Amino acid sequence: MAHALNIVWNPSEGIDLGFFVIRFYSLMFVIAFGLGWYIMKNIFERENESVEKLDTLFIWTVLATLIGARLGHVLFYDWEYYRNHLLEIFLPFRFSPNFEFTGFQGLASHGAAISIIITMYYYSKKILKRPQMWILDRIVIPVSSGAIFVRLGNFFNSEIVGKETDSDFGIKFVRDYFTPNDAVNATKIANPKEAYHAIATDPKFSELLQQVPVKHPAQLYEAVCYIFVFALLFFLYWKTNAREKSGYLFGLFLVLLWSIRFIVEYVKESQGGFESALGLFSTGQWLSIPFILVGLYFVFTSEKPVKI
């Protein structure tokens with residue numbers, strides 16, 4: 001079947017400044033946190049809350065996101081490996097079979113969500129001096145915007161790709177199909193970046209490009225859906241009295257975001273984890289269900305206005 005879009009996805013790693021490369025994935029995280037800080041600044045000002053407390057919130061949220069996401073990946077998706085390589089959990093190196101700089105490969109949004117919720121408990125008690133639900137109802141707005149950019153970062157990295165498809169929206173993820181070594185060996189071009197580029201654009205390597213399957217851009221599906229989640233939460237906070245219902249915005253966020261995650265998982269490639277043991281759903285879907293149920297609880301028990 002012919003694919004109307006037939007997009008070949010082989011982006012550069014980032015913006016090359018000559019002396020330094022700003023990786024797109026890292027850039028998306030910077031944008032996510034920067035936009036989040038700006039949104040919360042406006043919320044704090046509206047609520048007559050000291051903006052000085054925002055710096056602590058920012059630092060704690062960044063740490064909670066990164067540490068929680070890392071631990072979530074380790075515990076939920078790849079514990080069989082990391083239990084025998086404990087140092088690699090927080091070090092960006094692989095020690096066997098050879099020493100290698102790998103960066104932090106693997107961040108799980110479920111782990112980040114749990115970590116942020118726990119962190120907000122301590123922040124509300126120690127710094128903010130308000131009910132935990134007050135900050136949770138508000139921080140979900142920047143968190144939902146941040147989720148958009150995280151998924152865009154995954155798209156630039158050609159990771160968390162979807163299953164093979166005949167859809168007109170399918171994309172050929174060159175870097176997902178060929179490892180750097182595979183690309184070099186197949187093209188006989190020593191530089192992996194140049195090898196990937198040759199596969200994607202040089203007619204001489206058209207047979208290699210034909211090997212790359214067309215897959216769902218699952219990252220973009222999620223990113224687009226998260227735009228609507230953010231827009232809805234933003235509107236409800238600024239234009240309605242929803243912010244006065246303790247737990248409502250937090251609960252709605254959990255229901256919407258994790259329902260989207262649950263649905264998109266149907267077109268994602270398996271990320272591993274414990275799904276083979278439980279069956280029926282993927283690991284991501286099993287982990288999303290508790291969040292959805294908790295969210296429904298808060299949505300339906302949030303009629304009482306916040307007392308400040």
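**Figure 1. Arg 83 and its salt-bridge partner in the predicted model.** Arg 83 counts as partly exposed, at 44% relative accessibility. Arg 83 forms a salt bridge with Glu 80, and the closest N and O atoms of the two are 3.1 Å apart. Glu 80 is exposed, its relative accessible area being 54%.

**Figure 2. A salt bridge between Lys 215 and Asp 176.** The closest N and O atoms of this pair are 2.9 Å apart. Lys 215 lies in strand E7 (residues 214-215) and Asp 176 in helix H6 (residues 174-177), so the salt bridge ties together parts that are 39 residues apart in sequence. Lys 215 is buried, with a relative accessible area of 8%, whereas Asp 176 is partly exposed, at 28%.

**Figure 3. A network of salt bridges around Arg 261 and Glu 265.** These two residues form a salt bridge whose closest N and O atoms are 2.8 Å apart. Arg 261 is buried, with a relative accessible area of 5%, and Glu 265 also counts as buried, at 7%. The network links them with Arg 151, Glu 222 and Lys 268. A search of the whole structure finds 11 salt bridges.

**Figure 4. The largest nonpolar core, with 48 residues.** Phe 44, Leu 57, Ile 135 and Leu 233 have the most contacts inside this core. Elements that give two or more residues to the core include helix H1 (24-46), helix H2 (52-76) and helix H5 (132-156). H11 gives the most, with 11 residues.

**Figure 5. The surroundings of Phe 44.** Leaving aside residues up to four places away in sequence, Phe 44 touches ten residues' worth of neighbours listed here in part, including Leu 54, Leu 57, Tyr 123, Trp 134 and Ile 135.

Key: Residues numbered from 1 in each chain as written. Predicted model: local features only at pLDDT ≥ 70, side-chain atom pairs only at ≥ 80, totals over all residues. Heavy atoms only, no water. Core = buried A, V, L, I, M, F, W, Y, C linked by side-chain atoms within 4.5 Å. Buried < 20%, exposed > 50% of the residue type's maximum accessible area, 1.4 Å probe, protein only. Helix = DSSP H or I, 4+ residues; strand = E, 2+ residues; numbered from the N terminus. Contact = heavy atoms within 4.5 Å. Salt bridge = Lys/Arg side-chain N within 4 Å of Asp/Glu carboxyl O.
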